[in-house]
Amino acid sequence: MATARQVLCLSAFLSLPHAGSQPIRYSVAEEAESGSVVANVAADAGLTPAQLADRRARLASEDGRQHFRLDRGTGRLVVADRLDREELCGQSRTCTLPFELLLANPLQFFRVEVAVEDINDHSPVFPEERVTFKILETSDPGSRFPLEGAWDLDVGSNSIQAYSIAPENEYFSVSFGSRVKGKKYVELVLEKALDREEQAEVYFSVIAIDGGSPPRTGTTQIHIIVLDVNDNAPVFTEEVYIGQVLENAPEGSVVLSVVATDRDEGVNGDISYQFSQAVGQSDSAFTIDPTSGEIILRKALDFEAAENHELSVRATDGGGLSAICKVLVEVVDVNDNAPELVVSSFSSPLPENALPGTVVALFAVRDRDAGANGKITCALEDQLSFSLRPAYKNYYELVTVSTLDREETARYILTVTAADAGSPPLTTTQTFTVDISDVNDNAPVFNQTSYTMFVRENNVPTVLVGAVSAADADVGPNAKVAYSLAPAHPAEQAPCSCISVNSENGHVFVLQPLDYEQVRQIKVLVSASDAGSPPLSANVTVRLVVVDENDNAPLVLHPAQGSSPPSSELVPMSAEAGYLITKVVAVDADSGQNSWLSYHLLRASDPGLFAVGAQSGEVRLRRPVTERDAVKQKLVVLVRDNGQPPLSATAALSALLLKDFSDMRLPHSSLATEDESGSLTTYLIISLVFVSLLFLASTAAFVARKLCKRKELKGGHVLYGAGNLQSSLADAAAAGTLPHAYCYEISLTTGSGNSEFKFLKPVLPSLPPQHCGMGGGTDDEQDFPRGPLAVDMAPDNPGTLSAEQFNSLSFN
């Protein structure tokens, strides 16, 4: 019934949609028309129609034939062309059409199997429309006469289930059953002895009935000729003959021989052999020798086309009696088919950040040979980054096993070899060229760990001082590097505005003039960023060193040049050659050789009297002082640096040549001219006269008092101007005026009425200033020159000055 043929039998076994899980199974009746719906495969796979479209779902099969098609809009699996189970699977009891549902982005596949269910669309067919039997009339009831059975292309319950005779007769019945290896047989059974004289020929039909609904039948006409006398039929030595032949056996090879015997003699015992014509054997690959019974190969065999051949051989004697035997020829497979590799999906290029286990390709392998000749192993040649992974049955996945790096390898050429287990084995190779696409996984790298650049101070604006350079191992935009200034730390403010870097070539510019004396070096952080997404960057420290130029003249620190009048240094007349008068101290704000100072005597009242240390700046006597030398000497010292061109400064100073202590002049006195010396002498004379008057008025009392306290005053020292003296020494030491500490002591005696001054030698440099004098002074001491002056009232001090000498002192 046509309507019944269009009924679809659906049974889906849903499983996980990945390689290695059980397939999704459906069933459909054969003869289904094109467009018939099998099932909703999207729903069974857990997918939506939108996913089918987005992921470019398609169907793929090993043999490339598309029996079904996928409706992406609904997710339904429909029949592409009319299905004929007999054409697709022949006599196989099961007929399964496997294929894959492939998805891209990401790669995924589902294994689908559709079983084509048989319908009763074929009627049984006998090999011959008319069969003639010659049966001896002497045949006993129960004798069996083999009949070539009918063929039905349907399988299962739709195949032949029974035989019957029509019209029924009293002589024969039909027997139907199975014997060796499930092979069915059909025989006519003699139910009643024949009598040629009563009935020489019998006619009836044998009907083959299948199990379909409704059942179909096939008929062959049976003609029975009752023979006289020949009462022995041929008998085969075996009911079934089994032989094997290699599929590459040459034509003319003898496969096997069948043997039948007949106990009759003469013509009734002569046996001839022939094939019993069967359905599908009109173009048989075998022939039989009618006399010897040898079955000979007539044309080449192909194991992949047919693994075995079933033949029927009839042996007939001269009296017309015959017997039938079955011959099974098994074709032995030889390894004559190389493995086949069918690629279902392949992804290239592959991003270099693909995770291990990413599926690159899906392919199936098959071999049409059988046994060991069809057993296939796949191998990936010499590759550490990829491997093969069995997926489902004969499917393999080519997957990544480690992280990829385009910078190391931009392209992989993978060779997959499929080999069978035959002897010798046959192989097939498939090459996969996998290109690796770049991702931004490499930050720029500077060609130096740090940069040091130099610029001369007082530079012109926007001067180029150097360049930084960074390279990126990526390609394309991921390798395009841009440079910029960055804060050294995220919390810091923007980098120095006096430095700029070109974003394209990394050139570093100084935008404004720099002063070495204000800034010696500048450190900035230069960042190199690529154009990837997200961008990667690297930082490097650039140290800009300001190179000094000789733009600062020396500065004289000592002696001070701004004072008026200038300070004077005290030189005793007894000083020898080499005596240290003072030291000129100067500094230079420049550095290096620009700050190397040298000292030279530029001018002097007596150039031959003084010498200046070129490196130390020490002013010393070149020769001893003589009486002819002026008391006051003026000097100008030139201080010059070592720059190009050199810069210089001058230091003016004066020196007082003292014969004895009365000539001493303190460094910070303001006596600069002869008028000032005369005024001071006048003040001293007046003071001495006033003191003398007081002394005469109280002579008696003073003498008595002196006699009583002579011993007490002998060991005492009255220090005048100690505070001023100590402060002056401290000021001189702080300013660096004197290289050594000096101490001058004045001793005044009582009792003789004379005031005497005593000059002592300079105190050692190691003695502190407070050792030079202690005590306090009186108001009268303000008339004396300020300096390190000590007064000793001991009467027995040697080297005293008379009052006249004291009154004639001139402090020039």
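In this predicted model, four strands line up as an open sheet in the order β1-β7-β6-β3, and the pairing within that sheet is mixed. At its two edges sit β1, covering residues 24–29, and β3, covering 58–60; each of these has a pairing partner on one side only. The sheet isn't flat like a sheet of paper, either: neighbouring strands are turned by 30° against each other on average, if direction is ignored.

Let's look at the β1 edge. The partner here is β7, made of residues 108–117, and the two strands run parallel, joined by 6 bridges. One spot to look for is Ala-29, which stands opposite Glu-117 of β7. Ala-29 is also where β1 ends, given that this edge strand spans 24–29, and Glu-117 closes the 108–117 stretch of β7.

Further along the chain, β14 (residues 217–227) is a handy strand to follow. It pairs with β8, residues 130–136, in the parallel sense, over 7 bridges. Within this pair, Ile-135 has Val-226 of β14 as its bridge partner.

β14 also pairs with β13, residues 201–210, but this time the sense is antiparallel, with 9 bridges between them. Here Tyr-203 is matched with His-223 in β14. How are β13 and β14 connected along the chain? A hairpin does the job, passing from β13 to β14 through 6 residues.

One general point helps when picturing any of this: side chains in a regular strand alternate between the two faces of the sheet.

Terms used: Residues are numbered from 1 along each chain as its sequence is written. This is a predicted model: local features need pLDDT of at least 70, side-chain atom pairs count only at pLDDT 80 or more; totals for chains, interfaces and linings use all residues. Side-chain values use heavy atoms; hydrogens and water are left out. Two strands pair if DSSP finds at least two bridges between them. Axes are lines fitted to C-alpha atoms, for helices over the stretch in contact, and angles run from 0 to 180 degrees between N-to-C directions.
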